[in-house]
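Colleague: Before I rely on the terms used for this model, could you take me through how each one is assigned?

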Amino acid sequence: MKNMTLSLVVASFMLAGLAARAETITGASRIIDGDSLEVAGRKIDLLGVDAPELGQTCNWPKKEINCGLIAKSALMDLTAGVSVVCELEAGDRGGHALGVCRAAGYDLAEGMAHTGWAVATDGAPQRYKTAMAGAQEARRALWHGQFILPWIWRAKEGEAGQ
């Protein structure tokens with residue numbers, strides 16, 4: 001009886017673990033912005049990074065650039081012509097699922113941090129922070145000039161719109 005009860009408890013934990021697993025979706029992608037895409041009809045925000053918004057500009061030496069639009073193009077480049085696989089996490093952000101997405105096995109969030117078109121967030125994996133540090137040191141993309149962190153820019157834009 002004791003062994004049967006223990007077996008039931010173990011089985012319950014295993015089933016709970018399976019239910020808590022992330023959902024995986026695969027398909028062609030449509031890029032929304034520098035850290036958001038749509039795969040198989042689901043809107044997904046890349047977990048661990050934040051990229052400039054589409055209307056956000058940055059100041060490079062001697063010129064202003066539309067860094068939000070360029071960040072979107074960078075994500076388009078990383079996904080061009082390949083199927084995207086996303087492992088979705090529980091919860092969402094603004095109606096978008098959160099997930100880790102890969103194109104041909106390449107982690108898109110890490111790629112965006114490496115190219116300098118997204119910044120690693122506080123809870124990001126260390127490899128994203130390392131990739132961002134490399135971009136910062138090499139002065140790639142956002143780090144080539146001056147920019148407002150995307151979450152600060154959004155907060156200011158929200159205040160300006162009120």
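Modeller: What follows sets a few values against their definitions.

Modeller: This is a predicted model, in which local features need pLDDT of at least 70, side-chain atom pairs count only at pLDDT 80 or more, and totals for chains, interfaces and linings use all residues. Residues are numbered from 1 along each chain as its sequence is written, and side-chain values use heavy atoms, with hydrogens and water left out.

Colleague: What makes Arg154 and Glu53 a salt bridge?

Modeller: Their closest N and O atoms are 2.7 Å apart, and a salt bridge requires a side-chain nitrogen of Lys or Arg within 4 Å of a carboxyl oxygen of Asp or Glu, so the pair qualifies. Arg154 lies in helix 5 and Glu53 in the loop between strand 5 (49-50) and strand 6 (58-60), so parts that are 101 residues apart in sequence are tied together. Asp50 joins Glu53 and Arg154 in a network of salt bridges.

Colleague: Why is Arg154 called partly exposed?

Modeller: Its relative accessible area is 33%, and because buried means under 20% and exposed over 50%, with a 1.4 Å probe and protein chains only, Arg154 falls in between.

Colleague: How do you know that Glu23 and Arg42 form a salt bridge?

Modeller: The closest N and O atoms of Glu23 and Arg42 are 3.1 Å apart, so the same criterion is met. Glu23 is partly exposed at 42% relative accessible area, and Arg42 is likewise partly exposed at 32%.

Key. Helices (H or I, at least four residues) and strands (E, at least two) are DSSP runs, numbered from the N terminus.
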